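Welcome, and thanks for opening the viewer. Let's take a short walk through this model, one selection at a time.

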Amino acid sequence: MPEYFHIRFGVRVQDMALFVAVPYVAQASFGAVAGFAADTMIRNGVPVLVVRRVMQGSGVFGTACMLLAAGFLAATALQGVVCLAVALGLNAFTLAGVSISHLDITPDLAGVVFALGNSAGQVADVIGVPLTGLILAKTGSCPLVFFL
């Protein structure tokens, strides 16, 4: 995130704390809302599978749309902060989607299944972080990074 604000909007590192903190505060807030909403839907008779799919879909597609907006539409640092705050906020909806589904599928082994899934997910980090650095170094294009 700091690179995005620096490259795209020229924000100095010394001025960046609030720009970087706001999206994570939004994520924590939206996560609480998502959990409450999911529990309320289930309590009101919405099938668990439907709730998980709605939350996961909202989280993934909403995040993708807001990252594209941050990359291609945000014209000011404030607009970038708003886009990233909403993106991370919506991403928190996945906590009530796939992240909790381990408890639905196998309550006795949920921790093990969750750990295996997260371990496999680290492959994307091992590839994605250097690839992002390479793209930024070669093109200086934050929109391209968000598109990928």
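Before selecting anything, one term will help: a crossing is called left-handed if the near helix is turned anticlockwise from the far one by less than a right angle, and right-handed if it is turned clockwise. Please also keep in mind that this is a predicted model.

**Stop 1: the whole chain.** Show the full chain as a cartoon. You should find seven helices and zero strands, so to speak an α-α-α-α-α-α-α run from the N terminus on. The C-alpha trace spans about 50 × 30 × 25 Å along its principal axes. Switch on a surface, and about 8800 Å² is exposed, with carbon and sulfur atoms supplying 73% of it. Of the 148 residues, 30% count as buried. If you like contact maps, look away from the diagonal: among contacts with a separation of 6 or more, 67% join residues 24 or more positions apart.

**Stop 2: H3 and H4.** Now select residues 48-72, which form helix H3, and residues 77-91, which form helix H4. Their axes come within 8 Å and cross at roughly 165 degrees. Angles over 145 degrees count as roughly antiparallel, and H3 and H4 are therefore roughly antiparallel to each other. H3 passes H4 in a left-handed crossing. To see the contact, show side chains for Ser58, Gly59, Gly62, Thr63, Met66, Leu67, Ala69 and Ala70 on H3, then Cys83, Leu84, Val86, Ala87, Leu90 and Asn91 on H4. Colour these residues by type and you get nine nonpolar, five polar and no charged.

**Stop 3: H2 and H4.** Keep H4 on screen and add helix H2, residues 17-43. Here the axes come within 7 Å and cross at roughly 30 degrees, which makes H2 roughly parallel to H4. This crossing is right-handed. On the H2 side, pick Phe19, Val22, Pro23, Tyr24, Ala26, Gln27 and Phe30; they meet H4 residues including Ala77, Leu78, Val81 and Leu84. The contact of H2 with H4 divides into 13 nonpolar, three polar and no charged residues.

**Stop 4: histidine 102.** Finally, centre on histidine 102 in helix H5, residues 101-105. Is histidine 102 buried or exposed? Buried means under 20% relative accessible area, and histidine 102 has 15%, so the residue is buried. Leaving out residues up to four places away in sequence, show what histidine 102 touches: Pro107, Ala110, Val113 and Phe114.

Definitions and conventions:
Residues numbered from 1 in each chain as written. Predicted model: local features only at pLDDT ≥ 70, side-chain atom pairs only at ≥ 80, totals over all residues. Heavy atoms only, no water. Axes fitted to C-alpha atoms, helices over the stretch in contact; angles between N-to-C directions. Helix = DSSP H or I, 4+ residues; strand = E, 2+ residues; numbered from the N terminus. Parallel < 35°, antiparallel > 145°, perpendicular 65-115°, else oblique. Contact = heavy atoms within 4.5 Å. Nonpolar A, V, L, I, M, F, W, Y, C, P; charged D, E, K, R; others polar. Buried < 20%, exposed > 50% of the residue type's maximum accessible area, 1.4 Å probe, protein only. Areas by Shrake-Rupley, 256 points an atom, 1.4 Å probe, with all protein chains shown as cover.
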